[in-house]
Amino acid sequence: MARQVRLTDYPDGQPARSFWAFSNDDLPPLGDNEIKLRIDWVSVDPGMSGWITNKPSYMPPVKLGAVMRAFGVGEVVESRSERFQLGDWVTGFLGLQTEAVVSHKAVRKIDTTSKPPQLFLSGLGMTGYTAYFGMMDIGCPQENDTVVVSAASGAVGGIAAQLAKQAGARVIGIAGGPVKCAYLTDELGLDAAIDYKAGNVGEALNAAAPSGIDLYFDNVGGEILDAVLDRMNYRGRIVVCGSISQYADFSAARGPANYMRVVTHSLKMQGFTMRNYMHRVPEALEVLAKGYADGSLKFREHILEGLETFPDAYEMLFDGRNHGKLLMDLRGDH
Ligand SMILES: NC(=O)c1ccc[n+]([C@@H]2O[C@H](COP(=O)([O-])OP(=O)(O)OC[C@H]3O[C@@H](n4cnc5c(N)ncnc54)[C@H](OP(=O)(O)O)[C@@H]3O)[C@@H](O)[C@H]2O)c1
């Protein structure tokens, strides 16, 4: 019997734990062109907060009572598809569950012969692709640019910051707490780190970026965006990847207070989702896989064991207890 996490109601703000229900339901028999998967890893993402908001967005909200949407990787254990054999590994929206029956069109095959499968949820998955296209296609860091990345020791931020550094930029990471800040300078080799929980971010930016900021990769929005925006250089670029400080209440999300700086300094501010880039995934995968193989890119993972950890895992993203790509290892659940 498979085990699932289901959404019971749409929250107003962040969901209480009662919004998640665990179930043990049999899977349906396989139809034509369907495969059965044993799901070993699932990804826990800030974007889930948007998927459980009952409003039109870039994806429809999760239906009430349905298995919660999540990226996963799994192995094919039964197949009625010519595209997949037993033992193939796949990734896609597999849901928060230990097993699934899915259409063969819903998944993509991954080559796990020389890589751990969960890597396709972190550096070699959507997280890595988001960092790559956001930083390299929209941000376009140039040599000697001053680049700032927020939530910089997180899953997307950590990779985006490393890519900017490899492009020859001077990179400043913003993160919460001394451990994450030490990771940014000591492990990722960033030029400076700012602990936004320890003091005034604006003053810290004045010290770390005395000549202003050319490119900001924004993961958090809110007050940190305001502080960076105030220090953007003429013709600077702001990549709006996310706005996690505002996810507790989408209807009350605040925009930048000093947005006239976009006008007065001819700034470019652009958001994106991976929907814009799915056709270019092979390009990102090539760069990220090469960086992984030669050790020039680090993909930090934060792993929790078992499906039961999900309600706590979800909350960790918003109180900063995760450090790296947050993943659930379901191998002990089978
Ligand atoms: N556009 C896209 O297609 C796309 C795709 C994936 C992710 N994203 C966005 O990218 C951002 C990062 O996602 P991720 O998966 O890489 O997660 P993550 O950074 O691994 O985890 C979230 C981190 O955000 C920080 N945070 C939480 N609340 C905060 C607040 N109020 N103020 C400042 N920082 C806060 C915490 O780190 P600290 O300890 O440093 O506070 C936390 O660890 C999110 O905004 C997400 O929505 C966008």
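Three exercises on a predicted model follow, each with a worked solution. Local features need pLDDT of at least 70 and side-chain atom pairs pLDDT 80 or more, while totals for chains, interfaces and linings use all residues. Residues are numbered from 1 along each chain as its sequence is written.

**Exercise 1.** Find where the ligand lies relative to domain 1 and domain 2.

*Solution.* Start with the shell. It has 29 residues, each with its C-beta atom, placed from the backbone, within 6 Å of the ligand. The closest are Gly154, Gly176, Gly242, Ser245 and Gly320. Next, take the domains, whose bounds come from an automatic or database assignment. Domain 1 (2-122 + 299-333) and domain 2 (126-273) both give residues to the shell, so the ligand lies between them.

**Exercise 2.** Decide whether Gly242 is buried or exposed.

*Solution.* Locate the residue: Gly242 lies in the loop between β12 (232-240) and α7 (260-264). Count neighbours: 25 other C-beta atoms lie within 10 Å of Gly242. Apply the cut-offs: buried means 20 or more, exposed 12 or fewer, partly exposed in between, with C-beta atoms placed from the backbone. Gly242 is therefore buried. Now check a distant partner. Pro46 is 196 residues away along the chain, yet the C-alpha atoms of Gly242 and Pro46 are separated by 8.9 Å.

**Exercise 3.** Describe how α5 packs on α6.

*Solution.* Two numbers describe packed helices: the angle between their axes and the distance between the axes. Here α5 (residues 201-208) and α6 (residues 222-229) pack at about 40°, with axes 9 Å apart. Axes are lines fitted to C-alpha atoms over the stretch in contact; angles run from 0 to 180 degrees between N-to-C directions. Then list the contacts (C-beta atoms, placed from the backbone, within 7 Å). Val201, Gly202 and Leu205 in α5 meet Ile224, Ala227 and Val228 in α6.

Definitions and conventions:
Helices (H or I, at least four residues) and strands (E, at least two) are DSSP runs, numbered from the N terminus. Two residues are in contact if their C-beta atoms, placed from the backbone, lie within 7 Å.
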